[in-house]
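Let's take a friendly walk through a protein model. Have a look at the sequence and the 3D view below, and then we will go from single residues to the whole fold and back.

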Amino acid sequence: MTDLFDARKARAAAWFRELRDQIVAAFEGLEDRHGQGMPGRFEVTPTVRADGGGGLMSVMRGGRVFEKVGVNVSEVHGTLGERAQKAMAARGVPGMDRDPRFWASGISLVAHMVNPHCPAVHMNTRMFWTPHAWWFGGGADLNPAIEYAEDTAHFHGQMQAACDLHDAGYYPKFKAWADEYFFVPHRGRARGVGGIFYDDLNTGGAGGDSWEADFAFTQEVGRHFLPAFVPVTERRVGSAWTEADREAQLVHRGLYAEYNLVYDRGTKFGLETGHDANAVLMSLPPIAKWT
(Lines give C-alpha, C1' and ligand atoms only; values in the text may rest on other atoms or scores of the structure.)
Protein backbone atom coordinates (compact mmCIF):
# COMPACT_ATOMS: atom_id res chain seq x y z
CA MET A 1 0.00 0.00 0.00
CA THR A 2 2.90 2.36 0.72
CA ASP A 3 4.29 1.88 -2.79
CA LEU A 4 0.83 2.43 -4.27
CA PHE A 5 0.37 5.71 -2.45
CA ASP A 6 3.87 6.88 -3.27
CA ALA A 7 2.91 6.50 -6.93
CA ARG A 8 -0.43 8.24 -6.37
CA LYS A 9 1.23 11.12 -4.56
CA ALA A 10 3.61 11.56 -7.47
CA ARG A 11 0.72 11.57 -9.97
CA ALA A 12 -1.24 14.15 -7.99
CA ALA A 13 1.75 16.45 -7.51
CA ALA A 14 2.61 16.20 -11.23
CA TRP A 15 -0.98 17.12 -12.19
CA PHE A 16 -1.01 20.19 -9.95
CA ARG A 17 2.26 21.33 -11.53
CA GLU A 18 0.88 20.70 -15.05
CA LEU A 19 -2.24 22.72 -14.23
CA ARG A 20 -0.07 25.52 -12.87
CA ASP A 21 1.87 25.64 -16.14
CA GLN A 22 -1.35 25.81 -18.18
CA ILE A 23 -2.77 28.65 -16.09
CA VAL A 24 0.44 30.67 -16.09
CA ALA A 25 0.63 30.42 -19.88
CA ALA A 26 -3.04 31.40 -20.28
CA PHE A 27 -2.71 34.40 -17.96
CA GLU A 28 0.40 35.65 -19.73
CA GLY A 29 -1.57 35.23 -22.95
CA LEU A 30 -4.27 37.54 -21.57
CA GLU A 31 -1.56 40.08 -20.79
CA ASP A 32 -0.30 39.89 -24.38
CA ARG A 33 -3.74 40.35 -25.93
CA HIS A 34 -5.14 43.19 -23.82
CA GLY A 35 -4.12 46.58 -22.54
CA GLN A 36 -1.32 48.99 -23.25
CA GLY A 37 2.32 49.07 -22.24
CA MET A 38 4.53 46.21 -21.18
CA PRO A 39 2.62 42.96 -20.59
CA GLY A 40 3.00 41.43 -17.17
CA ARG A 41 5.05 38.32 -16.55
CA PHE A 42 5.23 35.92 -13.62
CA GLU A 43 8.15 36.03 -11.25
CA VAL A 44 8.85 32.47 -10.08
CA THR A 45 10.40 31.79 -6.69
CA PRO A 46 11.08 28.40 -5.08
CA THR A 47 9.57 27.97 -1.62
CA VAL A 48 10.83 25.75 1.18
CA ARG A 49 9.11 24.28 4.19
CA ALA A 50 11.61 23.78 7.00
CA ASP A 51 10.34 20.31 7.98
CA GLY A 52 10.13 18.96 4.45
CA GLY A 53 9.14 19.85 0.92
CA GLY A 54 8.38 23.11 -0.80
CA GLY A 55 7.05 24.38 -4.06
CA LEU A 56 6.92 27.24 -6.53
CA MET A 57 5.43 30.67 -5.93
CA SER A 58 4.57 32.38 -9.22
CA VAL A 59 3.42 35.99 -8.83
CA MET A 60 2.68 38.67 -11.40
CA ARG A 61 2.41 42.29 -10.24
CA GLY A 62 1.49 45.44 -12.12
CA GLY A 63 0.30 43.78 -15.32
CA ARG A 64 -2.02 45.19 -17.95
CA VAL A 65 -4.87 42.84 -16.94
CA PHE A 66 -3.74 41.53 -13.54
CA GLU A 67 -2.82 43.98 -10.80
CA LYS A 68 -1.61 41.00 -8.78
CA VAL A 69 -2.02 37.29 -9.37
CA GLY A 70 -0.36 34.33 -7.70
CA VAL A 71 -0.36 30.72 -8.86
CA ASN A 72 1.38 28.53 -6.31
CA VAL A 73 2.09 24.81 -6.23
CA SER A 74 3.47 22.89 -3.30
CA GLU A 75 4.37 19.40 -2.18
CA VAL A 76 5.11 19.25 1.54
CA HIS A 77 5.54 16.56 4.16
CA GLY A 78 6.54 16.09 7.77
CA THR A 79 4.92 15.75 11.15
CA LEU A 80 1.95 17.81 12.23
CA GLY A 81 2.32 19.90 15.36
CA GLU A 82 0.00 19.52 18.31
CA ARG A 83 -2.51 22.18 17.21
CA ALA A 84 -2.70 20.79 13.69
CA GLN A 85 -3.07 17.25 15.05
CA LYS A 86 -6.02 18.33 17.19
CA ALA A 87 -7.60 20.14 14.26
CA MET A 88 -7.30 17.04 12.08
CA ALA A 89 -8.61 14.77 14.82
CA ALA A 90 -11.59 17.10 15.30
CA ARG A 91 -12.38 16.67 11.58
CA GLY A 92 -12.46 12.91 12.07
CA VAL A 93 -9.01 11.95 10.78
CA PRO A 94 -8.05 8.76 12.66
CA GLY A 95 -4.70 7.93 14.21
CA MET A 96 -3.29 11.43 14.52
CA ASP A 97 -2.27 10.83 18.14
CA ARG A 98 -0.35 7.67 17.17
CA ASP A 99 1.25 8.75 13.89
CA PRO A 100 1.01 12.44 12.96
CA ARG A 101 2.93 12.21 9.70
CA PHE A 102 1.39 13.93 6.68
CA TRP A 103 1.92 14.69 3.01
CA ALA A 104 0.08 17.33 1.01
CA SER A 105 0.23 18.74 -2.48
CA GLY A 106 -1.88 21.25 -4.32
CA ILE A 107 -2.30 24.34 -6.43
CA SER A 108 -3.61 27.63 -5.08
CA LEU A 109 -4.52 30.65 -7.20
CA VAL A 110 -5.82 34.12 -6.43
CA ALA A 111 -6.13 36.91 -9.02
CA HIS A 112 -6.79 40.60 -8.34
CA MET A 113 -7.55 42.52 -11.52
CA VAL A 114 -6.71 46.01 -12.79
CA ASN A 115 -10.17 46.80 -14.16
CA PRO A 116 -12.83 46.95 -11.41
CA HIS A 117 -15.34 45.39 -13.81
CA CYS A 118 -13.19 42.23 -14.00
CA PRO A 119 -13.89 39.96 -11.03
CA ALA A 120 -11.23 38.66 -8.71
CA VAL A 121 -11.06 34.88 -8.56
CA HIS A 122 -9.79 32.05 -6.38
CA MET A 123 -9.10 28.42 -7.25
CA ASN A 124 -7.52 25.65 -5.23
CA THR A 125 -7.28 21.88 -5.52
CA ARG A 126 -5.26 19.62 -3.28
CA MET A 127 -4.59 16.12 -2.01
CA PHE A 128 -3.84 15.34 1.64
CA TRP A 129 -2.48 12.07 3.00
CA THR A 130 -1.80 10.64 6.45
CA PRO A 131 -0.93 7.01 7.30
CA HIS A 132 -4.58 6.42 8.20
CA ALA A 133 -6.52 8.57 5.73
CA TRP A 134 -6.39 10.50 2.46
CA TRP A 135 -8.69 12.93 0.69
CA PHE A 136 -9.03 15.58 -2.00
CA GLY A 137 -10.41 19.08 -1.64
CA GLY A 138 -10.70 22.34 -3.47
CA GLY A 139 -13.00 24.43 -5.59
CA ALA A 140 -13.21 27.85 -7.19
CA ASP A 141 -15.19 31.00 -6.49
CA LEU A 142 -15.74 34.32 -8.23
CA ASN A 143 -15.35 37.60 -6.34
CA PRO A 144 -16.61 40.61 -8.32
CA ALA A 145 -16.63 44.10 -6.89
CA ILE A 146 -19.24 44.94 -9.52
CA GLU A 147 -21.41 41.94 -10.28
CA TYR A 148 -22.79 41.04 -13.70
CA ALA A 149 -25.42 38.31 -13.69
CA GLU A 150 -24.22 36.80 -16.96
CA ASP A 151 -20.67 36.48 -15.60
CA THR A 152 -21.92 34.74 -12.47
CA ALA A 153 -24.05 32.39 -14.56
CA HIS A 154 -21.16 31.54 -16.88
CA PHE A 155 -18.75 30.80 -14.03
CA HIS A 156 -21.27 28.62 -12.20
CA GLY A 157 -22.16 26.87 -15.45
CA GLN A 158 -18.58 25.73 -15.89
CA MET A 159 -18.32 24.57 -12.30
CA GLN A 160 -21.56 22.63 -12.72
CA ALA A 161 -20.24 21.07 -15.93
CA ALA A 162 -17.17 19.80 -14.06
CA CYS A 163 -19.37 18.34 -11.34
CA ASP A 164 -21.97 16.79 -13.65
CA LEU A 165 -19.31 14.78 -15.49
CA HIS A 166 -18.85 12.81 -12.27
CA ASP A 167 -21.99 13.00 -10.12
CA ALA A 168 -25.22 14.94 -10.67
CA GLY A 169 -25.41 15.53 -6.93
CA TYR A 170 -22.03 17.21 -6.67
CA TYR A 171 -22.93 20.69 -7.93
CA PRO A 172 -25.86 21.46 -5.61
CA LYS A 173 -23.93 19.98 -2.68
CA PHE A 174 -20.64 21.75 -3.40
CA LYS A 175 -22.32 25.05 -4.36
CA ALA A 176 -24.11 25.08 -1.00
CA TRP A 177 -20.84 24.24 0.73
CA ALA A 178 -19.14 27.18 -1.02
CA ASP A 179 -21.96 29.52 -0.01
CA GLU A 180 -21.43 28.46 3.60
CA TYR A 181 -17.63 28.36 3.53
CA PHE A 182 -17.06 31.71 1.79
CA PHE A 183 -19.46 33.59 4.07
CA VAL A 184 -17.97 36.38 6.20
CA PRO A 185 -19.82 36.13 9.54
CA HIS A 186 -18.67 39.43 11.04
CA ARG A 187 -19.89 41.28 7.92
CA GLY A 188 -23.03 39.18 7.49
CA ARG A 189 -22.41 38.62 3.79
CA ALA A 190 -20.65 36.40 1.27
CA ARG A 191 -17.23 37.46 0.02
CA GLY A 192 -18.34 37.00 -3.60
CA VAL A 193 -20.86 35.19 -5.79
CA GLY A 194 -19.66 31.72 -4.89
CA GLY A 195 -18.75 28.72 -6.95
CA ILE A 196 -18.01 25.28 -5.54
CA PHE A 197 -16.10 24.06 -2.50
CA TYR A 198 -15.43 20.52 -1.33
CA ASP A 199 -13.16 18.89 1.22
CA ASP A 200 -12.50 15.45 2.75
CA LEU A 201 -13.43 13.87 -0.60
CA ASN A 202 -12.89 10.12 -0.27
CA THR A 203 -16.09 8.67 -1.67
CA GLY A 204 -15.02 5.07 -1.08
CA GLY A 205 -15.01 5.50 2.67
CA ALA A 206 -13.08 3.23 4.98
CA GLY A 207 -13.96 0.06 3.08
CA GLY A 208 -13.37 1.11 -0.52
CA ASP A 209 -10.79 2.58 -2.86
CA SER A 210 -12.17 5.57 -4.74
CA TRP A 211 -8.84 7.34 -5.29
CA GLU A 212 -8.96 7.18 -9.10
CA ALA A 213 -12.51 8.54 -9.27
CA ASP A 214 -11.89 11.28 -6.72
CA PHE A 215 -8.62 12.30 -8.39
CA ALA A 216 -10.39 12.40 -11.77
CA PHE A 217 -13.02 14.75 -10.38
CA THR A 218 -10.37 17.00 -8.86
CA GLN A 219 -8.63 17.16 -12.24
CA GLU A 220 -11.97 18.06 -13.86
CA VAL A 221 -12.37 21.04 -11.53
CA GLY A 222 -8.91 22.20 -12.54
CA ARG A 223 -9.59 21.74 -16.25
CA HIS A 224 -12.79 23.81 -16.05
CA PHE A 225 -11.17 26.76 -14.30
CA LEU A 226 -9.78 28.55 -17.36
CA PRO A 227 -13.02 28.11 -19.40
CA ALA A 228 -14.89 29.52 -16.38
CA PHE A 229 -12.69 32.57 -15.82
CA VAL A 230 -10.98 33.63 -19.06
CA PRO A 231 -14.18 34.43 -21.05
CA VAL A 232 -15.49 36.56 -18.17
CA THR A 233 -12.22 38.46 -18.05
CA GLU A 234 -12.14 39.04 -21.80
CA ARG A 235 -15.74 40.30 -21.68
CA ARG A 236 -14.90 42.99 -19.08
CA VAL A 237 -11.23 43.86 -19.53
CA GLY A 238 -11.89 46.70 -21.97
CA SER A 239 -14.75 48.28 -19.99
CA ALA A 240 -14.42 51.94 -19.06
CA TRP A 241 -14.33 52.52 -15.31
CA THR A 242 -14.63 55.44 -12.92
CA GLU A 243 -13.07 56.41 -9.62
CA ALA A 244 -16.26 55.20 -7.94
CA ASP A 245 -15.73 51.80 -9.57
CA ARG A 246 -12.15 51.73 -8.27
CA GLU A 247 -13.38 52.67 -4.80
CA ALA A 248 -15.84 49.77 -4.85
CA GLN A 249 -13.05 47.43 -5.92
CA LEU A 250 -10.69 48.50 -3.12
CA VAL A 251 -13.37 48.20 -0.46
CA HIS A 252 -14.29 44.75 -1.74
CA ARG A 253 -10.63 43.76 -1.53
CA GLY A 254 -10.71 44.73 2.13
CA LEU A 255 -13.51 42.22 2.65
CA TYR A 256 -11.48 39.60 0.79
CA ALA A 257 -8.43 40.25 2.98
CA GLU A 258 -10.50 40.00 6.16
CA TYR A 259 -11.86 36.63 5.14
CA ASN A 260 -8.49 35.16 4.20
CA LEU A 261 -6.79 36.32 7.38
CA VAL A 262 -9.57 35.39 9.80
CA TYR A 263 -11.36 32.33 8.38
CA ASP A 264 -9.54 30.64 5.51
CA ARG A 265 -8.44 27.09 6.40
CA GLY A 266 -5.55 27.08 3.94
CA THR A 267 -4.06 30.25 5.40
CA LYS A 268 -4.27 28.87 8.92
CA PHE A 269 -2.84 25.48 7.95
CA GLY A 270 0.02 26.96 5.95
CA LEU A 271 1.13 29.30 8.72
CA GLU A 272 0.72 26.70 11.49
CA THR A 273 2.74 24.08 9.63
CA GLY A 274 5.65 26.37 8.84
CA HIS A 275 5.22 26.88 5.09
CA ASP A 276 6.76 29.96 3.49
CA ALA A 277 4.71 32.89 4.81
CA ASN A 278 5.02 34.85 1.56
CA ALA A 279 3.52 31.94 -0.35
CA VAL A 280 0.74 31.45 2.21
CA LEU A 281 -0.18 35.15 2.14
CA MET A 282 0.11 35.44 -1.64
CA SER A 283 -3.69 35.69 -1.75
CA LEU A 284 -3.77 39.16 -0.20
CA PRO A 285 -4.53 42.04 -2.58
CA PRO A 286 -1.83 44.59 -3.45
CA ILE A 287 -4.00 47.53 -2.39
CA ALA A 288 -7.20 47.47 -0.34
CA LYS A 289 -9.35 49.98 1.51
CA TRP A 290 -11.53 50.11 4.59
CA THR A 291 -14.12 52.83 5.10
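Is Phe183 buried, partly exposed or exposed? With a relative accessibility of 33%, Phe183 counts as partly exposed, because the buried class ends at 20% and the exposed class begins over 50%. Please keep in mind that you are looking at a predicted model.

You will find Phe183 in strand β7. Setting aside neighbours within four places in sequence, Phe183 is in contact with Gly188, Arg189, Ala190 and Tyr259. For a sense of scale, try Gln85: it sits 98 residues away from Phe183 along the chain, and the two C-alpha atoms are separated by 26 Å.

**The whole protein**

Now zoom out. The protein has 9 helices and 9 strands. Its C-alpha trace spans about 60 × 40 × 35 Å along the principal axes. For 291 residues, a compact globule would have a radius of gyration near 19 Å, and the value for this protein is 19 Å, so the two agree.

Of the 291 residues, 53% are buried. Among contacts with a separation of 6 or more, 69% join residues that are 24 or more positions apart. The accessible surface comes to about 12,600 Å², and carbon and sulfur atoms account for 54% of that surface. As for charges, there are 30 positive and 36 negative ones, and their mean positions lie 3 Å apart.

**Aromatic rings**

A pair of aromatic rings is described by the distance of the centres and the angle of the planes. The structure holds 24 aromatic pairs. Two of them are set out here.

| Pair | Kind | Centre to centre | Angle between planes |
|---|---|---|---|
| Phe174 and Trp177 | tilted | 6.4 Å | 50° |
| Phe182 and Phe197 | edge-to-face | 5.9 Å | 85° |

Phe182 and Phe197 link distant parts of the chain: Phe182 is in the loop between α4 and β7, while Phe197 is in strand β9, 15 residues apart. Both Phe182 and Phe197 are buried.

Why are Phe174 and Trp177 separated by about one helical turn? They are 3 residues apart in helix α4, which covers residues 170–181, and therefore about one turn lies between them. Phe174 is buried, with a relative accessible area of 1%, whereas Trp177 is partly exposed at 23%.

These four residues also belong to one aromatic cluster, which includes Tyr170, Tyr181, Tyr198, Phe217, Tyr259 and Tyr263 as well. You have met Tyr259 already, as one of the contacts of Phe183.

**Two more residues to visit**

Where does Arg20 lie? Look in helix α1, residues 2–33. Arg20 is buried because its relative accessible area is 8%, and the cut-off for buried is under 20%. Beyond its neighbours within four places in sequence, Arg20 is in contact with Val44, Ser58, Val71, Val73 and Ile107.

Finally, turn to the backbone. Most residues other than glycine have a negative phi. Asp200 is not a glycine, yet its phi is positive, at about 55°. Asp200 is found in strand β9, the strand that also holds Phe197. With a relative accessible area of 36%, Asp200 is partly exposed.

How values were computed
Residues are numbered from 1 along each chain as its sequence is written. This is a predicted model: local features need pLDDT of at least 70, side-chain atom pairs count only at pLDDT 80 or more; totals for chains, interfaces and linings use all residues. Side-chain values use heavy atoms; hydrogens and water are left out. Helices (H or I, at least four residues) and strands (E, at least two) are DSSP runs, numbered from the N terminus. The radius of gyration is taken over C-alpha atoms; the globule rule is 2.2 Å times the number of residues to the power 0.38. Buried means under 20% relative accessible area, exposed over 50%, partly exposed in between (1.4 Å probe, protein chains only). Contact means heavy atoms within 4.5 Å. Accessible areas come from the Shrake-Rupley method with a 1.4 Å probe; for residues, only the protein chains shown count as cover. Lys and Arg count as positive and Asp and Glu as negative; His and the chain ends are not counted. The place of a charge is taken as NZ of Lys, CZ of Arg, CG of Asp or CD of Glu. Rings of Phe, Tyr and Trp (its six-membered ring) pair if their centres lie within 6.5 Å; planes under 30 degrees apart count as stacked, over 60 as edge-to-face and the rest as tilted.
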